[in-house]
Amino acid sequence: MSLLLGLDVGSSSVIAGLLRGTRVVAVAPRVFFPTKHTGPRAEVDPAALLAALRTSIKRLGPRVKQVDAIALAAMGPAWVAMDRNGRALTPIVTHQDRRSVAEAHELEGRLGLDRHLNLAGSRPFPGGISSTTWAWFLRNQPARLRRADLVGHLPTFLHRQLTGARVIDPSQASFTGLYHTLKLDGWSGELCANAGVNPALLPDVVDGDVIGGNITVEAARSFGLRAGTPMLAGIMDGSAGVLLVGAKVGQLFNVVGSTDVLALCTDRPKPHPQLLTRALGVQGKWVQVSTLAAVASALYWAREQFFPEIAIKDFPALFHRLSREGAKAAGTVRFAPYLAGERMSIDQRQGTFSGLTLATTRTQMLAAIVEALSHASAERLPLLAATGTPMLNTVAISGGSDRIDKLMHRDWPGRWRYRALTDATMRGLGTLTPRERA
């Protein structure tokens, strides 16, 4: 069985591992990189991310030079423009960025909600669909983009750095808002024209298991790899988890972390204005997605603000106790769970408390956060049911040791079976069999 180097580049860290099939034979400690939050902006320094990637790979030692191929899973969207040498001209603008509300309204206004939805698969949610970010830069920093030779998402940038290739897979292409998501047949001239985008700047779209390029001599020297090693185009991190559990039509996959992503695998996508629809990246399938932008990040924000004396490792016991107590623990306090905005809306809401009195306690405020998150999680099920794909009753879960998934599923109606997965993204990469471009 071949040896694969898996690279999992998430919203805040990089994990590198060695795989034989779906078995992880070695994994390097997680290497973090910072995200700069300034008002509605969420940006990652490309140099800092590359440094984290380099460190993570080198921590695996000399065995990385023996791998047969490299597979990549990455957050998305994470938009970036590059010059002709592959150097970043902009920060990496992540899915948490909300600067482009005005541009999103204009994109949808010119084309119409239904037309955009049926071409791209999703509405132009600010930051969540990166055509809005591109439109913002065209309006506000046009000089920077005049030097652009290539514009894409994080995997495009990593390939340009490591292999010199200009590629993106369908799962990432779907979140540009410029791709024929429902037909999987390439970039849409109509969507590009609507956004004022030059299609010549876009990468080639190839399936995630296709070899995008081979490690260059320069990249091999910089990252401790073997020159010529094939590197797959890569897939969205959530797609890797769906593949790990078989990518069956109707399968639900729930990633519960800083954000909460609930994905339904389908072979007949039906766009919905409150959902994201994107390609799986392989197999000619799709996932329909509902995302809560701040879940673990909201809970641990509350710890920092209200319970700094409680150690991080001890904090889950408190929020799980409050979840068991239910609404009575919050008293009259209510919380709107939008500390990181709203991924599934163009207009952005903010996190707010209501029902506060002079008698309100910090525990009631935390309980209100727990209640709001639990309710919001359950409210997504009717949206996914409306797509027409029957949902299997077994839910695959990927999350941390704090088991936030338990409170997030507390209010789900009906009978469900939950299957917790470990290293889902990394192991999911092991399902990919490298193949050459057609």
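**Exercise 1. Determine in which helix S377 lies, whether S377 is buried or exposed, and which residues S377 touches.**

Solution. In this predicted model, S377 belongs to helix α13, which covers residues 362–378. The next step is the accessibility: the relative accessible area of S377 is 0%, and because buried means under 20%, S377 counts as buried. Turning to its surroundings, and leaving aside residues up to four places away in sequence, S377 touches L292, M408 and W412. With W412 there is also a polar contact, in which the two side chains are joined at 3.0 Å.

**Exercise 2. Work out the strand order of the open sheet that contains β8, and explain why one side of β5 and of β10 is left without a neighbour.**

Solution. The sheet is open and has five strands, which follow one another in the order β5-β6-β9-β8-β10 with antiparallel pairing. Strands β5 (36–38) and β10 (150–153) stand at the edges and each has a single partner strand, so one side of each has no neighbour in the sheet. From one strand to the next, the twist averages 25 degrees.

**Exercise 3. Describe how β8 pairs with β10 and with β9, and identify which residues stand opposite W79.**

Solution. Begin with β10, to which β8 (residues 78–82) is joined by four bridges in the antiparallel sense. Within this pairing, W79 has H153 as its bridge partner, while V80 has G152. On to β9: here the pairing with β8 is again antiparallel and runs over two bridges, and W79 stands opposite V93. W79 therefore has a partner in β10, namely H153, and one in β9, namely V93.

**Exercise 4. Establish which way the side chains of β8 point, how many of its residues are buried, and which helices pack on the strand.**

Solution. In a regular strand the side chains alternate between the two faces of the sheet. For β8, the residues A78, V80 and M82 point one way, whereas W79 and A81 point the other way, and all of them are buried. Since five of the five residues of β8 are buried, the strand is largely enclosed by the rest of the structure. As for the helices, α4 (residues 131–140) lies across β6 (41–44), β8, β9 (92–94) and β10, and runs at about 40 degrees to β8. Helix α6 (residues 154–162) also packs on the sheet, where it touches β8, β9 and β10, and its direction makes about 120 degrees with that of β10.

**Exercise 5. List the buried residues of α3, name elements that cover them, and state what phi G121 takes.**

Solution. In helix α3 (residues 113–120), the buried residues are H116, L117, L119 and A120. Their cover includes α2 (101–111), α7 (170–174), α8 (189–195) and β18 (276–279). Just after the helix, G121 takes a positive phi of about 95 degrees.

**Exercise 6. Judge how compact the protein is for its length, and what share of its residues is buried.**

Solution. The protein contains 16 helices and 23 strands. Its radius of gyration, 21 Å, is close to the 22 Å that the globule rule gives for 438 residues, so the protein is as compact as a globular protein of that length. Along the principal axes, the C-alpha atoms fill a box of roughly 65 × 50 × 40 Å. Of the 438 residues, 58% count as buried. Finally, among contacts between residues at least 6 apart in sequence, 70% join residues at least 24 apart.

Definitions and conventions: Residues numbered from 1 in each chain as written. Predicted model: local features only at pLDDT ≥ 70, side-chain atom pairs only at ≥ 80, totals over all residues. Heavy atoms only, no water. Axes fitted to C-alpha atoms, helices over the stretch in contact; angles between N-to-C directions. Contact = heavy atoms within 4.5 Å. Buried < 20%, exposed > 50% of the residue type's maximum accessible area, 1.4 Å probe, protein only. Polar contact = N/O pair within 3.5 Å; in protein donor to acceptor, adjacent residues only side chain to side chain. Rg over C-alpha atoms; globule rule 2.2 N^0.38 Å.
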